[in-house]
Amino acid sequence: MAITLVYHNDIKSNCFNDLLVTLFDLNHAGQESHFFAVSDGKGRGLSSDYRSGTVDIMNDNYDIGGGSCGVGRNSSKPGMRPVFSYSPKMGEFAIAFDGYMINGDTLRGNYGGSTDADIAARFIADADNFEKGIVNLTEVVKGHFCINISTEKGEAFTARCPLGVRSLIYGGGPNGYAVVSESRALNHIGMER
């Protein structure tokens, strides 16, 4: 499993190709599902695509529009896509989740949701802002995880659990920045650690 976030500084820029390249570079363990969510930064929501089964990220025909901020996720388990959520205070967002919640069953019993990503999205959506939602999540969840978030307004957020077990690599370049599960995904999009 792997997650990626790409953010371009120019709101008119299209990060989708960089997002595809990072997912392609992270697609080395027989992933069977791939998800992308991209925001145009104008508050008009997120466009997305999800593929399951045998997928050729670089050659399949994707048409999800453009945007300056996006998240993606690869998984060896079909259907393990990131979650879309909505908060009355913050709007729509997509969250790419990688990890495992040891207390996930208890949290799902108390708060609902079918996956760990659902739980993460619920805690974040219930807060006053994304930063507070992420803090709430890290205070309640036991286990190890990383998250990347893209909002309908083109904002980007990333975090990992206080234990720091899962890696997130930050890279920057002339176009903006990216946060990926493995550093090799930065090389082909002109970003450095």
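This passage describes the overall make-up of a predicted model, followed by the surroundings of Arg 73 and of helix H4.

The chain contains five helices and 10 strands. Of its 193 residues, 54% are buried. Among contacts with a separation of 6 or more, 58% join residues 24 or more positions apart. The accessible surface amounts to about 8800 Å², and carbon and sulfur atoms contribute 46% of that area.

Arg 73 belongs to strand E4, which spans residues 69-75. This arginine is buried but forms no salt bridge. The nearest side chain of opposite charge is that of Asp 98, at 4.5 Å; the pair does not count as a salt bridge because the criterion requires a side-chain nitrogen of Lys or Arg within 4 Å of a carboxyl oxygen of Asp or Glu. The side chain of Arg 73 does, however, make a polar contact with the backbone oxygen of Phe 97, at 2.6 Å.

Helix H4 comprises residues 130-140, and its buried residues are Phe 130, Gly 133, Ile 134, Asn 136 and Leu 137. These residues lie on the same side of H4, because the arc they cover around the axis is only 160°. The elements covering them include helix H3 (116-125) and three strands, namely E6 (91-101), E7 (143-151) and E8 (156-160). At the start of H4, a side-chain oxygen of Asn 129 comes to within 3.2 Å of the backbone nitrogen of Glu 131.

How values were computed. Residues numbered from 1 in each chain as written. Predicted model: local features only at pLDDT ≥ 70, side-chain atom pairs only at ≥ 80, totals over all residues. Heavy atoms only, no water. Helix = DSSP H or I, 4+ residues; strand = E, 2+ residues; numbered from the N terminus. Buried < 20%, exposed > 50% of the residue type's maximum accessible area, 1.4 Å probe, protein only. Contact = heavy atoms within 4.5 Å. Areas by Shrake-Rupley, 256 points an atom, 1.4 Å probe, with all protein chains shown as cover. Lys, Arg positive; Asp, Glu negative; His and termini not counted. Polar contact = N/O pair within 3.5 Å; in protein donor to acceptor, adjacent residues only side chain to side chain. Arc of directions from axis to C-beta.
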